[in-house]
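Please look over the sequence and the model displayed here before reading the notes that follow. They are arranged by topic, with charged pairs coming before cysteines and backbone angles.

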Amino acid sequence: MLLNAGISEQEVLRLACDAAGCEPADFKRLSPALGGLLPHNIAMKHRVVPLGVHDGALSVATSNPRSPALERELAFASKQRVRLHAASPSDILGAQAVIYGAAYGTAPDFNAFRTQAPVAPPRPAPVARLSLAMPAETRATESSAPPSAAVPAEPSAAADVSDRLFAAASAEHASAVMLEPASENGLLVRLRIDGTLNDRFRIAAEPAVRLMQSLEMRANLGPRTVGQPRQGRTTFQSAGGLVAVRVSTAPLRDGRERTVIRLFAAASLLNVSELGYSSSEQHRLRQLLGLPAGLLVVAGPAGSGTTTTLYAVARELRTAGRTVSTVEEPIDYPLDQLAQVQLSESPHATVAAAARAALVVQGTALIIGAPLDAPTMEHLGTPGGRAHLVIASLGTSDMPSTLSRLSELHEDRARLAEMLVGVVAQRLLRRLCTACAAPQLVSELPEQQQQLLFGLPMAKLHRPVGCATCRNTGYNGRMAIAEVVPMIPPVRAALAGGATQAELAHAARENGMTTLWDSGMSRVLDGLTSLSELLDTVAPPVEDGGAAPQEDIDALLAQLLGSPHMQPGAASQATSPAATPVAPATAPEAVPGGPLRVLLVDDDAAARRALAHDLAEAGFRVLQVADGTAAVSFAKRLRPDIVLTEVAIPRLDVIAMLGALASGDAPLTVVVHTAQDDEALRSWLREAGARDVLQRDMPTVALAERLREIARAALT
């Protein structure tokens with residue numbers, strides 16, 4: 001705001017130094033050699049720059065020197081004392097390009113960044129290897145001015161600018177490209193790589209217009225209508241083979257559009273043996289696929305790889321000689337020898353109608369890639385539906401929550417237990433980069449993580465390091481972990497008898513179920529991934545079977561209130577022993593006009609971190625937890641202004657969580673966000689105690705404004 005008001009960057013920097021009691025950063029000795037002092041992924045995550053070691057401490061430049069957690073986290077990452085220095089966001093961006101540009105094959109001149117006009121704190125990482133620039137000889141004929149290091153030069157023609165974007169994304173093995181409106185009518189290009197969004201480069205206004213024209217023409221998006229989303233599809237021939245491309249746009253509040261491009265390469269079509277499942281998990285899955293009839297559910301939240309698994313299952317069934325049909329919305333990739341039905345282009349208006357038509361042929365195996373609903377479950381429960389093998393996806397988190405959701409869609413539990421043959425719940429973990437992974441010394445891990453490994457074979461433990469091969473992330477590619485649960489008699493009887501989620505989980509574990517945590521821990525012990533990656537994705541088991549483990553209360557208060565005087569502990573895993581509870585009477589109250597405090601509940605680590613980042617940029621104080629039990633525990637002690645939760649959460653389902661948070665003299669404000677556009681679900685959640693139900697894909701600006709309205713209404 002100060003910059004936009006016309007105050008110079010140097011004056012703002014002086015104010016920041018006075019407020020934080022630190023010195024301004026000295027960028028006179030920047031060189032790529034400084035990159036060895038702090039890993040590239042850590043520098044990009046915290047938006048900092050190493051300046052060298054002085055007087056036994058690592059000097060680090062940051063535009064947020066008052067952050068209570070930054071110094072501690074950087075000291076842990078660098079294994080030495082850290083001294084913070086203040087710098088402007090644009091200087092941080094330019095210095096990162098100088099130090100880490102070699103990781104992308106270039107090293108931009110720092111002076112090129114220093115000469116740019118001051119802007120608000122930028123989100124993207126420095127422009128590096130990726131570019132939509134024209135060949136040098138073409139640029140020379142069109143403009144005498146050299147292209148900016150931060151804004152790539154203009155593409156030569158609309159006909160090939162989209163090809164260049166697709167080629168850049170394919171070279172990075174990206175599964176999706178997000179084009180977000182940026183300042184001066186340009187575009188910010190973000191790539192989803194191994195499940196994580198990475199800011200890559202900006203496109204100036206004029207080439208951005210040509211790019212969108214090219215996408216509209218190639219994907220047949222149709223004319224733009226204010227406030228209406230658009231969808232289309234096309235293909236692209238990459239070096240690795242054919243890539244199916246799906247383009248969708250979402251209108252934003254300011255009248256512009258966010259564009260999401262999904263890439264599904266032929267090379268990414270996997271077999272069951274290539275998903276990353278262990279040999280025992282593959283064996284149990286193939287046993288379930290060998291059954292002549294019944295309902296098999298593949299469960300997992302968005303981004304957990306269920307679509308890839310469904311395509312692998314389709315290929316497995318086709319190889320086995322089965323007749324396979326699919327019902328999808330939309331079709332991600334066309335497959336040979338399969339009858340694929342896309343709902344939006346078929347004469348069938350509902351999933352149930354499409355399933356009924358597909359199951360006319362005797363012996364057909366049906367794969368449903370669209371959301372299950374009550375009418376579809378009702379048809380699958382009929383004698384005609386039970387005569388076929390049906391594999392369907394569901395956006396639930398684990399086996400117990402899947403059975404609970406199926407019970408809501410089909411109230412006759414006895415019939416549900418009869419037709420259900422199994423549940424496969426899965427997540428995706430990033431694989432450690434084999435080029436740079438280093439042995440993990442157990443003594444270097446936090447005490448709580450050491451306790452998780454106690455008594456286990458730890459000879460193969462490895463940790464991420466970062467190199468050019470993995471773009472300095474320490475990880476390269478992903479693999480699936482899964483709990484594959486056949487409906488054995490004890491579990492079937494528990495489901496038919498109306499057992500709770502906890503009772504269903506107990507029955508499955510007592511009869512040999514391998515949980516998601518067990519599956520992930522086996523990959524950690526084999527050195528395929530790191531313990532931190534597993535903890536980011538799956539909540540660890542609760543030892544005492546009661547209250548969830550908690551972090552240090554001071555750390556949580558610091559994260560919610562932004563107090564510079566509190567030193568937080570390990571902030572995101574909630575694995576430390578229980579701390580002394582803070583009585584609800586002493587919990588912080590909302591400060592009128594101050595930042596709203598949001599407790600974000602979601603077990604999808606990547607989606608949770610992305611939403612927390614966006615909310616923090618919108619001015620909220622955000623605390624993240626991964627399951628319902630932890631959410632209730634933290635919410636009652638810290639009393640945030642809003643609890644924002646996903647529908648499918650582990651350990652404590654959303655209905656039980658709503659009941660727990662609605663009790664007492666001062667019930668908490670709970671908002672549920674979901675990707676399902678189901679009015680019945682919305683009504684059901686509101687009756688259970690949710691203050692409001694919001695769409696998961698709501699633009700951040702609209703979400704922030706709605707949360708503020710809800711908080712204001714709650715205060716009055």
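**Charged pairs, cysteines and backbone in a predicted model**

In this predicted model, E257 and R224 form a salt bridge in which the closest N and O atoms are 3.9 Å apart. That pair links distant parts of the chain, since E257 belongs to strand 9 (residues 257-265) while R224 sits in the loop between helix 8 (205-219) and strand 7 (230-238), 33 residues apart. Over the whole structure, the search finds 26 salt bridges, and a few of them are described below, followed by the cysteines and two residues with positive phi.

**Accessibility of the E257 and R224 pair**

- E257 has a relative accessible area of 10% and is therefore buried, the cut-off being under 20%.
- R224, its partner in the salt bridge, reaches 47% relative accessibility and so counts as partly exposed, a value that lies between the limits of 20% and 50%.

**A salt bridge between two helices**

- E316 and R286 bring their side chains together in a salt bridge, with an N to O distance of 2.8 Å.
- Because E316 is in helix 10 (residues 306-319) and R286 is in helix 9 (residues 279-289), this pair ties together parts that are 30 residues apart in sequence.
- Both partners are partly exposed: E316 has a relative accessible area of 22%, and R286 has a relative accessible area of 33%.

**A buried pair and its network**

- E172 and R200 form a salt bridge whose closest N and O atoms are 3.0 Å apart.
- This pair also links distant parts of the chain, with E172 in the loop between helix 7 (158-171) and strand 4 (176-181) and R200 in strand 6 (residues 196-203), 28 residues apart.
- E172 and R200 are both buried.
- The two residues belong to a network of salt bridges that links E172, D194, R200 and R471.

**Cysteines without disulfides**

- The count of disulfides in the model comes to 0, and the sulfur distances of two cysteines illustrate why pairs that might draw attention do not qualify under the 2.5 Å cut-off.
- For C17, the closest cysteine sulfur is that of C22, at 4.6 Å, which is too far for a bond.
- C17 is buried, because its relative accessibility is 8% and the limit is under 20%.
- For C436, the closest cysteine sulfur is that of C467, at 3.7 Å, and this distance is likewise too far for a bond.
- C436 has a relative accessible area of 12%, so C436 is buried as well.

**Positive phi outside glycine**

- R47, which is a residue other than glycine, has a positive phi near 55°.
- R47 is placed in the loop between helix 2 (40-46) and strand 1 (48-54), and at 28% relative accessibility R47 counts as partly exposed.
- D194 is not a glycine either, yet its phi is positive, at about 55°.
- D194 lies in the loop between strand 5 (187-193) and strand 6, and with a relative accessible area of 16% D194 is buried.
- D194 thus combines a positive phi with membership of the salt-bridge network that also includes E172, R200 and R471.

Key. Residues numbered from 1 in each chain as written. Predicted model: local features only at pLDDT ≥ 70, side-chain atom pairs only at ≥ 80, totals over all residues. Heavy atoms only, no water. Salt bridge = Lys/Arg side-chain N within 4 Å of Asp/Glu carboxyl O. Helix = DSSP H or I, 4+ residues; strand = E, 2+ residues; numbered from the N terminus. Buried < 20%, exposed > 50% of the residue type's maximum accessible area, 1.4 Å probe, protein only.
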